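Q: Please take a close look at one part of this structure: how its strands pair. I would also like to see what sits around that part, and how the rest of the chain compares.

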Amino acid sequence: MYDFIVIGGGPSGCLTAYLLAQSGFHVALFERKKFPRKKLCGGGVSYKASKLIEKIVDLSNLKGRVIEGSYLSYKNRHLTYVGQDKASYSIHRSEFDNELLSKAKMMGCEVHMPSKVFEIEERSKEICVKLNNGSIKKSGFLILAEGITGNLYRHI
Ligand SMILES: Cc1cc2nc3c(=O)[nH]c(=O)nc-3n(C[C@H](O)[C@H](O)[C@H](O)COP(=O)(O)OP(=O)(O)OC[C@H]3O[C@@H](n4cnc5c(N)ncnc54)[C@H](O)[C@@H]3O)c2cc1C
């Protein structure tokens, strides 16, 4: 029995798993895909967000383009340019997620991948999670970080 089960290995799930493991909790994370996996994303990270992320992940090898400002257009007509004092940049998303997952693992989180959760059952004192291989895992709490394409939220 785990203290926490985290479903989903995207940034939400991995960061939560990392912080829980860091606080001494017994955590397991289940991710249906095998990382590194492709993820549709522009990879834009603001300056403020990068300062938070860099406390955990070294972004220097993951950086793509530097973003110094944005052009605003409407119907092919250029309207304005907004510059930024502090540059943000894009990251390589699949590598970034993979790196964050390995940080959670290094912190002591058990990572199960590929491992799809297909059912969640809430009992009075525990949560039961059913996996695609037929096994059942239990925890005191559940973090559902399945992203926008997930549908497990319907079970709870
Ligand atoms: C076209 C596009 C461009 C974007 N550009 C940007 C951008 O430039 N900057 C930015 O900050 N954000 C951007 N986003 C948004 C960003 O991608 C999301 O906000 C972010 O991925 C959400 O992270 P998450 O961890 O909540 O979910 P996700 O990253 O979606 O991760 C959820 C994970 O859960 C897993 N999962 C789902 N169901 C199950 C299950 N039953 N069992 C086990 N695992 C499961 C999935 O495989 C997935 O890996 C963009 C999104 C899109 C679509």
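A: Two strands count as paired if DSSP finds at least two bridges between them. Strand E1 and strand E9 (residues 136–144) meet that cut-off, with five bridges in the parallel sense. The model is predicted, so local features are taken at pLDDT of at least 70.

Start with E1 and E9. One bridge sets Phe 4 against Phe 141 in E9. E9 has another partner in strand E8 (residues 127–131). Here the sense is antiparallel, and four bridges make the join. Within that pair, Val 129 stands opposite Lys 137. E8 and E9 form a hairpin with four residues between the strands. Gly 134 of this hairpin has a positive phi near 95°.

Now take one residue next to Phe 4. Which residues does Ile 5 touch, once its neighbours within four places in sequence are set aside? The contacts are Ala 28, Phe 30, Ile 127, Val 129, Lys 137, Ser 139 and Leu 142. Two of these, Val 129 and Lys 137, are the residues that stand opposite one another.

Ala 28 leads on to the next strand. This residue is found in E2 (residues 27–30). Is Ala 28 buried or exposed? It is buried, because 21 C-beta neighbours lie inside 10 Å, and the cut-off for burial is 20 or more. Beyond its neighbours within four places in sequence, Ala 28 is in contact with Tyr 2, Ile 5, Glu 110, His 112 and Lys 137. Lys 137 is therefore a contact of Ala 28 as well as of Ile 5, given that contact means C-beta atoms within 7 Å.

These strands feed a core. In general, nonpolar side chains tend to be buried together in soluble globular proteins. The largest nonpolar core in this chain has 27 residues. Ile 5, Val 6, Ala 17, Val 27, Leu 29 and Ala 104 have the most contacts inside it. Two or more core residues come from each of E1 (2–7), H1, E2 and helix H3 (93–106). Domain 1 (1–38 + 93–156) and domain 2 (44–91) both contribute residues, so the core lies between them.

Helix H1 (residues 11–22) also has a place at the ligand. It gives three residues to the surrounding shell, the largest share. The shell holds 24 residues, and the closest are Gly 8, Gly 10, Gly 42, Gly 44 and Gly 147. By type, the shell divides into eight nonpolar, ten polar and six charged residues.

Compare the other sheet. It is open, has three strands in the order E3-E5-E4, and is paired antiparallel. Strand E3 (44–45) and strand E4 (63–74) stand at the edges with a single partner each, so one side of each has no neighbour in the sheet. E4 and strand E5 (residues 77–91) are joined by nine bridges. One of the facing pairs is Gly 69 with Gly 83 in E5.

Tyr 71 is found in E4. Unlike Ala 28, which is buried, Tyr 71 counts as exposed, because only 9 C-beta neighbours lie inside 10 Å. Leaving out residues up to four places away in sequence, Tyr 71 touches His 78 and Tyr 81. Tyr 71 and Gly 83 are twelve residues apart in sequence, and their C-alpha atoms are 8.7 Å apart. For Ala 28 and Val 66, a separation of 38 residues goes with 35 Å, again C-alpha to C-alpha.

The loop between E4 and E5 holds Lys 75 and Asn 76. Most residues other than glycine have a negative phi, and most peptide bonds are trans. Lys 75 has a positive phi of about 50°, and Asn 76 has one near 65°. Lys 75 is exposed, with 5 other C-beta atoms within 10 Å. Asn 76 is exposed too, with 5 C-beta neighbours inside 10 Å.

There are cis peptide bonds as well. One runs from Phe 35 to Pro 36, with omega near -5°. Pro 36 is in the loop between E2 and E3. Another joins Met 113 and Pro 114, with omega about -5°. Pro 114 is in the loop between strand E6 (110–112) and strand E7 (117–122).

Last, the whole chain. It has three helices and nine strands, in the pattern β-α-β-β-α-β-β-α-β-β-β-β. Of its 156 residues, 25% count as buried. Among contacts between residues at least 6 apart in sequence, 64% join residues at least 24 apart. The C-alpha atoms fill a box of roughly 55 × 35 × 25 Å along the principal axes.

Terms used. Residues numbered from 1 in each chain as written. Predicted model: local features only at pLDDT ≥ 70, side-chain atom pairs only at ≥ 80, totals over all residues. Near = placed C-beta within 6 Å. Nonpolar A, V, L, I, M, F, W, Y, C, P; charged D, E, K, R; others polar. Buried ≥ 20, exposed ≤ 12 C-beta atoms within 10 Å, placed from the backbone. Contact = placed C-beta atoms within 7 Å. Core = buried A, V, L, I, M, F, W, Y, C linked by C-beta atoms within 7 Å. Domains from an automatic or database assignment.
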